[in-house]
Amino acid sequence: MNNIERRDAGLVYFSDNDVFEEQKRARVLTQKLNTVDRSDFDAIGKIVNELLGKSDGAFINPPFYCDYGSHIEVGKNFFANYNCTILDVAKVKIGDNCQMAPNVAIYTAGHPVHPDTRNSGYEYGIEVTIGDNVWIGGNTVICPGVHIGNNVVIGAGSVVTKDIPDMVIAAGNPCRVIREITEEDRRHYYKNEMIDDEAWNIITNR
């Protein structure tokens, strides 16, 4: 097997010239994205759609960084705020209606723990999946192999090292479930603050 085949099979692989050649496309497109007129939302959207392996109306506020782009699949209404980094050595699959605050980092890439093995230059990628309706707070790091369920909120500054189930708020380093999201949360927007009647009527009549 060549190193591209090894990488895509989830085996350890070495970043040789063929691997670097594959990364050139993403580097060209991220350079284009990160230098485009920030007020030209149509141009940003077109570059994002070209960069990602699968998208449906995705929008990313540049700057944005990734290894390949083609290994990233996002659902409807995806939004990533400034300075998002996705190391997509392995697949990154993200569901519908997901939002990422600034400085979110998703890492599928990793290296062996033992220094002798690590210094060989061999590395690996393990898939990350994120469900529907997930909001990831600023400065969150999601580590290789993590699966985040549907309808989840990840608090700012979290380091997510293990799977997170559906319908919870989770936060911390390492990230842990704090509580379930319940019907009582429906009309709240910040701590004990309630959405006003005018806005609530618009929300409920959509």
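# Close-up views of a predicted model

**Figure 1. Phe 59 counts as buried, at 19% relative accessibility.** Buried means a relative accessible area under 20%, exposed means over 50%, and partly exposed lies in between (1.4 Å probe, protein chains only). The model is predicted: local features need pLDDT of at least 70, side-chain atom pairs count only at pLDDT 80 or more, and totals for chains, interfaces and linings use all residues. Residues are numbered from 1 along each chain as its sequence is written, and side-chain values use heavy atoms, with hydrogens and water left out.

**Figure 2. Phe 41 meets Phe 59 in an aromatic pair.** Rings of Phe, Tyr and Trp (its six-membered ring) pair if their centres lie within 6.5 Å; planes under 30 degrees apart count as stacked, over 60 as edge-to-face and the rest as tilted. Three aromatic pairs result from this rule. The pair of Phe 41 and Phe 59 is edge-to-face, with 5.9 Å centre to centre and 70° between the planes. Phe 41 belongs to helix α3 (residues 41-51) and Phe 59 to strand β3 (residues 59-60), so the contact ties together parts 18 residues apart in sequence. Helices (H or I, at least four residues) and strands (E, at least two) are DSSP runs, numbered from the N terminus. Phe 41 is exposed, at 53% relative accessible area. One aromatic cluster takes in Phe 41, Phe 59 and Phe 79.

**Figure 3. A charge sits over the ring of Tyr 68.** The charge belongs to Arg 7, which lies over the ring face at 4.6 Å from the ring centre. The rule asks for NZ of Lys or CZ of Arg within 6 Å of the ring centre and within 35 degrees of the ring normal.

**Figure 4. Helix α2 holds a salt bridge between Glu 21 and Lys 24.** A salt bridge is a side-chain nitrogen of Lys or Arg within 4 Å of a carboxyl oxygen of Asp or Glu. The whole structure has seven salt bridges. Glu 21 and Lys 24 meet at 3.3 Å, N to O. Both residues lie in helix α2 (residues 17-35), three residues apart, about one turn of the helix. Glu 21 is partly exposed, at 48% relative accessibility. Lys 24 is partly exposed too, with a relative accessible area of 48%.

**Figure 5. Arg 186 and Arg 187 each take part in a salt bridge.** Arg 186 pairs with Glu 183, with 2.6 Å between the closest N and O atoms. Glu 183 and Arg 186 are both exposed. Arg 187 meets Asp 197 at 2.5 Å, N to O. Asp 197 lies in helix α5 (residues 197-204) and Arg 187 in the loop between β20 (176-180) and β21 (188-190), so this pair ties together parts ten residues apart in sequence. Asp 197 is exposed, at 54% relative accessibility. Arg 187 is partly exposed, with a relative accessible area of 22%. Elsewhere, salt bridges with shared partners join Arg 7, Asp 8 and Glu 22 into one network.

**Figure 6. The largest pocket has 21 lining residues.** On a 1 Å grid over the protein atoms alone, a cavity is a set of points where a 1.4 Å probe fits but cannot get out; a pocket is an open set with protein on both sides within 12 Å along at least five of seven lines, and lining residues have an atom within 4 Å of a point. The largest pocket holds about 920 Å³ of space. Volume here is the space filled by probe spheres set on the points, which are joined across faces, edges and corners. Trp 135, Val 153, Ile 181, Asp 185 and His 188 lie nearest the pocket centre. β21 gives the most to the lining, with three residues. The lining divides into nine nonpolar, six polar and six charged residues. Ala, Val, Leu, Ile, Met, Phe, Trp, Tyr, Cys and Pro count as nonpolar, Asp, Glu, Lys and Arg as charged, and the others, Gly among them, as polar.

**Figure 7. Pro 63 and Pro 174 each follow a cis peptide bond.** The bond from Pro 62 to Pro 63 has omega near 10°. Pro 63 is in the loop between β3 and β4 (64-66). The bond joining Asn 173 and Pro 174 has omega of about 0°. Pro 174 sits in the loop between β19 (168-171) and β20.

**Figure 8. Asn 133 and Asn 139 have positive phi.** Most residues other than glycine have a negative phi. Asn 133 has phi of about 60° and lies in the loop between β13 (128-130) and β14 (135-136). Asn 133 is partly exposed, at 36% relative accessible area. Asn 139 has phi of about 65° and lies in the loop between β14 and β15 (141-142).
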